[in-house]
Amino acid sequence: MKEIILYTDGACSGNPGIGGWGAILFYKDIKKELSGGEEQTTNNRMELMAVIKGLEAIKENCKVDIYSDSAYVVNAFLQDWVSNWKNNGWRTAKGSVQNQDLWQKLLSLLEKHEVQWHKVKGHADNEYNNRCDALARGEIIKIKNSKK
């Protein structure tokens with residue numbers, strides 16, 4: 001089984017506001033950068049989109065190490081929030097789970113792979129997390145400039 005490393009990050013200018021996401025995939029000596037954005041979104045949606053788009057770019061079942069600075073995304077799996085949400089009909093004590101559409105899409109993609117989650121410190125010394133952040137912020141700039 002191929003082994004992939006996936007770094008992801010999301011960003012938002014205003015929350016909600018214009019958002020961007022960035023992802024970097026590594027397979028052996030191959031590196032692939034992906035990015036995109038939306039005019040009206042939230043930071044959490046962009047964090048989820050980064051992981052989703054990264055996984056969508058993988059065309060076969062693989063072992064995937066996912067590195068993210070998003071406690072929202074990583075803790076949902078490391079602390080098993082997602083299983084609780086599913087078992088409770090996508091509800092929490094505070095009401096409906098936000099971004100349920102993206103969580104469900106992500107869960108569907110995760111079924112194809114063996115995944116390990118890794119939480120990294122954001123805006124610190126992690127080269128690839130910083131590059132993902134730059135990709136995400138670049139998408140925000142593109143959207144802002146397209147509106148001028």
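In which strand is V115 found? In this predicted model, V115 is found in strand β7. The residue counts as partly exposed, at 21% relative accessibility. Contacts of V115 beyond four places in sequence are with V64, I66 and L110. Its C-alpha atom is separated by 5.8 Å from that of D65, although V115 and D65 are 50 residues apart along the chain.

V120 lies beyond the strand, in the loop between β7 and α5, the latter spanning residues 127-146. V120 is buried, with a relative accessible area of 9%. Leaving out residues up to four places away in sequence, V120 touches Y67, S68, D69, N126 and N129. A separation of 21 Å is found between the C-alpha atoms of V120 and G138, which are 18 residues apart along the chain.

Residues Y67, S68, D69 and N129 also appear among the contacts of T8. T8 lies in strand β1, residues 2-14. The relative accessibility of T8 is 0%, so T8 counts as buried. The other residues touched by T8, again beyond four places in sequence, are G22, A23, A50, V51 and C132.

The nonpolar interior was examined next. The largest nonpolar core has 33 residues. Within this core, the residues with the most contacts are L55, F77, W103, L106 and W117. At least two core residues come from each of β1, β2 (17-27), α1 (43-56), β4 (62-68), α2 (71-78), α3 (81-87) and α4 (100-110). The greatest contribution is that of α1, with seven residues. Another core lies apart from this one. That core has seven residues, including I24, F26, Y67 and L135.

L106 shows how the largest core is joined up. Beyond its neighbours within four places in sequence, L106 is in contact with L48, V51, I52, L55, F77 and W117. Three of the other residues with the most contacts in the core, L55, F77 and W117, are thus among the partners of L106.

Helix packing was then considered. The axes of α1 and α4 are 10 Å apart, and the two helices pack at an angle of about 25°. Because of this angle, α1 is roughly parallel to α4. On the α1 side, the contact is made by R45, L48, M49, V51, I52, L55 and E56. On the α4 side, the contact is made by D101, L102, W103, K105, L106, L109 and L110. The crossing of α1 and α4 is left-handed.

A second packing pair is formed by α2 and α4. Their axes come within 13 Å and cross at roughly 55°. The angle therefore makes α2 oblique to α4. Y72, V73, A76 and F77 of α2 make the contact with W103, L106, L107 and L110 of α4. The crossing of α2 and α4 is right-handed.

How many of the eight residues of α2 are buried? Six are, and the helix is mostly covered. The buried residues are Y72, V73, V74, N75, A76 and F77. The cover over these residues includes α1, β4, α3, α4 and β7, with β7 spanning residues 114-119. Just after α2, D80 takes a positive phi of about 60°.

The cysteines were examined last. The count of disulfides comes to zero. C12 is in no disulfide, and the nearest cysteine sulfur, that of C132, is 17 Å away. C132 is likewise in no disulfide, its nearest cysteine sulfur being that of C12. A disulfide calls for sulfur atoms within 2.5 Å. C12 is buried, with a relative accessible area of 16%. C132 is also buried, at 0% relative accessibility. C132 is one of the residues touched by T8.

Methods
Residues are numbered from 1 along each chain as its sequence is written. This is a predicted model: local features need pLDDT of at least 70, side-chain atom pairs count only at pLDDT 80 or more; totals for chains, interfaces and linings use all residues. Side-chain values use heavy atoms; hydrogens and water are left out. Buried means under 20% relative accessible area, exposed over 50%, partly exposed in between (1.4 Å probe, protein chains only). Helices (H or I, at least four residues) and strands (E, at least two) are DSSP runs, numbered from the N terminus. Contact means heavy atoms within 4.5 Å. A nonpolar core is a set of buried Ala, Val, Leu, Ile, Met, Phe, Trp, Tyr and Cys residues joined through side-chain atoms within 4.5 Å. Axes are lines fitted to C-alpha atoms, for helices over the stretch in contact, and angles run from 0 to 180 degrees between N-to-C directions. Angles under 35 degrees count as roughly parallel, over 145 as roughly antiparallel, 65 to 115 as roughly perpendicular and the rest as oblique. A crossing is left-handed if the near helix is turned anticlockwise from the far one by less than a right angle, and right-handed if clockwise.
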